[in-house]
Amino acid sequence: MDQTRLRKLIHDLRASQHAIRLNVEAAQILAGKLSGDAATRLQRHLKLLANDVKKFSDQLEALSTLLKK
């Protein structure tokens, strides 16, 4: 795959990652308005998901940096 196509793919992945992050944040806000054990479990899972999205974002940036070299 050539550099131009890889850069476009990274750009598209960043856009998807951004949309995912915004939806996680919205879900966290909504989950914060709930109460009970189910709400606590949901908040825990959303926190794990947010951490995974952050890891993905960091990995994507590392890949982008490698391609720029």
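1. A polar contact is a pair of N or O atoms within 3.5 Å; within protein, one must be able to donate a hydrogen and the other to accept it, and residues adjacent in sequence count only if both atoms are side-chain atoms. One such contact joins the side chains of S64 and R14, at 3.0 Å.

2. This is a predicted model, in which local features need pLDDT of at least 70 and side-chain atom pairs pLDDT 80 or more, while totals for chains, interfaces and linings use all residues. Residues are numbered from 1 along each chain as its sequence is written, and side-chain values use heavy atoms, with hydrogens and water left out.

3. The chain has two helices and zero strands; these are DSSP runs, numbered from the N terminus, with helices being H or I of at least four residues and strands E of at least two. S64 lies in helix α2, residues 37–68.

4. How buried or exposed is S64? Its relative accessibility is 7%, so S64 counts as buried (under 20% relative accessible area; exposed is over 50%, partly exposed in between, with a 1.4 Å probe and protein chains only). In the chain, 16% of the 69 residues count as buried.

5. Leaving out residues up to four places away in sequence, S64 touches I10 and R14, where contact means heavy atoms within 4.5 Å. For the chain, 65% of the contacts between residues at least 6 apart in sequence join residues at least 24 apart.

6. Along the principal axes, the C-alpha atoms of the chain fill a box of roughly 50 × 15 × 15 Å.
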